[in-house]
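Student: I'd like to go through the pockets, cavities and odd backbone spots of this one. Can we take it a question at a time?

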Amino acid sequence: MTATTVLAADTPSLVQSVDWLAIAPVVITAAVALAVLVADLFVPEGRKPLLGWISVAGLAAATATLLPLRGGDRTTFCLTTDPAACSYTADRFTLVVQFLVLAGALVTALMSVTVVREARTPAGEYWFLLLSSAAGAALLPASRDLATLIVALEVASLPAFALVGMRRGDRLSSEAALKFFLSSVTATAISLMGVSLVYAATGSLHLTQVAGRLEDVPGQLDTLAMAGVALTLVGFAFKTAAVPFHFWVPDTYVGAPLPVAGYLSVIGKAVGFTGLVLVTVIAFPAYSDIWGPALAVLAALTMTLGNAAALRQSADRPHSAVRLLAWSSVGQAGYLLVPIAAAAYSDRDQIGSTVAYALMYAAVNLGAFAVAALVARTKPLHRISDYRGLYAQRPAVALSMAFFLLCLAGLPPGIIGLFAKVAVFRSAVDAGLGWLAVVMAVNVVVALYYYLRWTALLFRTPEAAEGVPARTKAPWPVAAVIALTAITALVLSGAPQLVLRFASGSLFPL
């Protein structure tokens with residue numbers, strides 16, 4: 001036996017195995033994005049709508065590949081020297097968030113089919129950007145090292161800048177894209193600084209290894225590690241639109257096409273909260289005494305300011321409907337932060353309440369944006385007052401919108417919204433955060449006013465000067481989205497255990 005042979009036998013292989021089925025949802029989405037971009041070069045102008053349907057089919061296929069993974073026990077891209085340290089994990093948490101992301105992107109794509117055609121938006125670029133962002137968003141919950149986490153975050157965010165600014169020649173769209181870009185770049189820079197400090201203190205990027213090494217950081221590196229944890233959390237707080245890092249939200253939603261605004265309100269938030277969950281409960285449990293109180297304060301500030309700003313929206317102001325949904329999403333972000341903060345005081349299973357709430361919020365908020373997109377076809381100023389008397393013109397649409405708003409408010413018959421809020425409230429009480437539970441209760445009551453005011457407007461008699469406007473035919477993709485989200489919310493309200501079981505079970509392997 002030669003010396004080279006002996007050396008090869010003693011050296012561990014650096015070749016990592018790849019579980020193609022585990023990464024199929026991300027790979028399919030990314031592959032369809034590239035296929036659409038290339039096909040755009042060859043498809044004649046009159047056939048461009050075909051690209052949209054290819055994108056819808058690709059997202060449906062990616063969502064379907066989650067079924068074989070439902071066991072939640074697959075990992076890949078693991079270190080050969082430490083098989084427990086993997087860069088990609090398809091556990092229950094990953095699969096639930098990937099379903100939320102891909103299904104939400106699928107609904108957004110259906111909403112976008114008509115908008116892209118009628119607004120003469122460059123089809124190839126739009127669908128490529130949407131699919132690319134969805135691929136990054138689907139990768140993020142499976143990421144189990146800090147490098148992959150940041151890359152996934154940027155792949156999800158960068159295409160969104162361009163999507164916001166797709167309305168060419170629109171000043172509001174350009175300003176929104178610029179504000180969104182600058183805030184996101186700032187967040188990324190802060191996150192990268194934090195990650196580099198954490199790596200300097202621990203010598204690892206894998207979340208499980210980082211968690212173990214932070215338990216026993218040398219005294220001279222403790223301040224370095226603490227600064228790294230704090231900066232990483234600040235970067236993700238930008239992505240979740242937590243106060244005081246929320247300033248980009250209202251203008252971005254107003255300037256973006258409505259399907260993109262709906263996408264950002266659901267998938268964009270899911271990306272931020274997923275990253276926040278991974279770095280707090282998996283990577284930084286040793287510093288829970290730092291991020292726990294910080295997130296609790298952020299939750300209180302976020303829900304309070306979001307609801308207060310939504311309360312101030314004037315019904316006759318242009319874009320008031322979109323601004324109210326934007327500020328409402330900030331308030332809802334505060335509720336989503338509560339269980340993550342509670343996980344610092346009890347156990348990490350508390351974040352199941354965040355997942356359950358996010359699933360409810362995704363269904364009803366996308367439905368609300370679909371109704372807004374339909375109303376905007378005849379009343380493009382996006383005012384809340386434009387919804388007055390909607391029941392007289394479109395009874396089914398008005399009833400759906402009322403149901404969505406009641407779910408967001410947490411009032412019957414929106415039982416799923418009520419139960420989701422109770423789950424979040426209970427997580428705060430169980431963790432001993434009584435003061436935060438009180439703040440949340442007050443904010444829920446405050447939010448009732450603007451949700452009920454909008455709901456009541458749907459059923460009021462149209463003003464005499466307007467009468468009942470002539471009914472125009474709704475594009476069937478938008479009508480399908482409204483029907484799909486309304487049925488989903490109705491089913492969840494009838495069987496809330498379908499979602500709330502995530503609030504009581506463990507989403508991460510022991």
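What follows is a talk through a predicted model, with the open spaces coming before the surface and the backbone.

Student: Let's start with the largest pocket. Which element gives the largest share of its lining?

Tutor: The pocket holds about 810 Å³ of space. Helices H3, H4, H14, H19 and H20 each give two or more residues to the lining. Of these, the largest share is ten residues, and the helix behind it is H4.

Student: Which residues lie nearest the centre of that pocket, and how many of its lining residues are nonpolar?

Tutor: There are 27 lining residues, and Val96, Phe99, Leu100, Ala103 and Leu359 lie nearest the centre. Sorted by class, the lining has three charged and four polar residues, and the nonpolar count is 20.

Student: On to the second largest pocket. How many charged residues are in its lining?

Tutor: This pocket has about 510 Å³ of space. It is lined by 27 residues, with Val115, Ala119, Arg167, Pro257 and Leu258 closest to the centre. By class, 17 are nonpolar and four are polar, which leaves the charged group at six.

Student: And which element gives the largest share there?

Tutor: H4, H10, H11 and H14 are the elements that give two or more residues to the lining of the second largest pocket. The largest share is three residues, and they come from H4.

Student: Now the closed spaces. What is the volume of the largest cavity?

Tutor: The count comes to two cavities of 30 Å³ or more. The largest cavity is lined by 21 residues, and closest to its centre are Ser157, Phe180, Lys239, Leu264 and Gly268. Its volume is about 220 Å³.

Student: Which helix gives the largest share of that lining?

Tutor: The elements with two or more residues in the lining of the largest cavity are H6, H7, H9 and H11. By class, the lining divides into twelve nonpolar, seven polar and two charged residues. The largest share is seven residues, from H11.

Student: How about the second largest cavity: which element gives the most to its lining?

Tutor: This cavity has a volume of about 180 Å³. Its 17 lining residues include Leu100, Ala270, Phe273, Thr274 and Ala358, which lie nearest the centre. H4, H11 and H14 each give two or more residues. The most, seven residues, come from H11.

Student: Which residue turns up nearest the centre of both the largest pocket and the second largest cavity?

Tutor: For the largest pocket, the residues nearest the centre include Phe99 and Leu100. For the second largest cavity, they include Leu100 and Ala270. The name on both lists is Leu100.

Student: Let's look at the outside. Which element gives the largest share of the nonpolar patch?

Tutor: Leu50, Trp53, Ile54 and Trp476 make a nonpolar surface patch of about 400 Å². Trp476 lies in H19. The largest share is three residues, and they come from H3.

Student: Is Trp476 buried or exposed?

Tutor: The cut-off for exposed is over 50% relative accessible area. Trp476 has a relative accessibility of 57%, so the call is exposed.

Student: And Val229, is that buried or exposed?

Tutor: Val229 lies in H9. Buried means under 20% relative accessible area. Val229 has 0%, so the residue is buried.

Student: Any backbone oddities? Which residues are joined by a cis peptide bond with omega about 5 degrees?

Tutor: A cis bond with omega about 10 degrees joins Val243 and Pro244, and Pro244 is in the loop between H9 and H10. Another cis bond involves Pro413, which is in the loop between H16 and H17. The pair with omega about 5 degrees is Pro412 and Pro413.

Student: Where does Ala241 lie, and is this residue buried or exposed?

Tutor: Phi of Ala241 is near 65 degrees, a positive value in a residue other than glycine. Ala241 lies in the loop between H9 and H10. With a relative accessible area of 1%, Ala241 is buried.

Student: Last one: in which element is Phe77 found?

Tutor: Phe77 also has a positive phi, near 55 degrees. At 29% relative accessibility, Phe77 counts as partly exposed. The element is strand S1.

Conventions
Residues numbered from 1 in each chain as written. Predicted model: local features only at pLDDT ≥ 70, side-chain atom pairs only at ≥ 80, totals over all residues. Heavy atoms only, no water. 1 Å grid on protein atoms, 1.4 Å probe; cavity = no way out; pocket = protein on both sides within 12 Å on 5 of 7 lines; lining within 4 Å. Points joined across faces, edges and corners; volume = space filled by probe spheres on them. Helix = DSSP H or I, 4+ residues; strand = E, 2+ residues; numbered from the N terminus. Nonpolar A, V, L, I, M, F, W, Y, C, P; charged D, E, K, R; others polar. Patch = residues over 30% accessible without salt bridge, like charges linked within 9 Å, V, L, I, M, F, W, Y side chains within 5 Å. Areas by Shrake-Rupley, 256 points an atom, 1.4 Å probe, with all protein chains shown as cover. Salt bridge = Lys/Arg side-chain N within 4 Å of Asp/Glu carboxyl O. Buried < 20%, exposed > 50% of the residue type's maximum accessible area, 1.4 Å probe, protein only.
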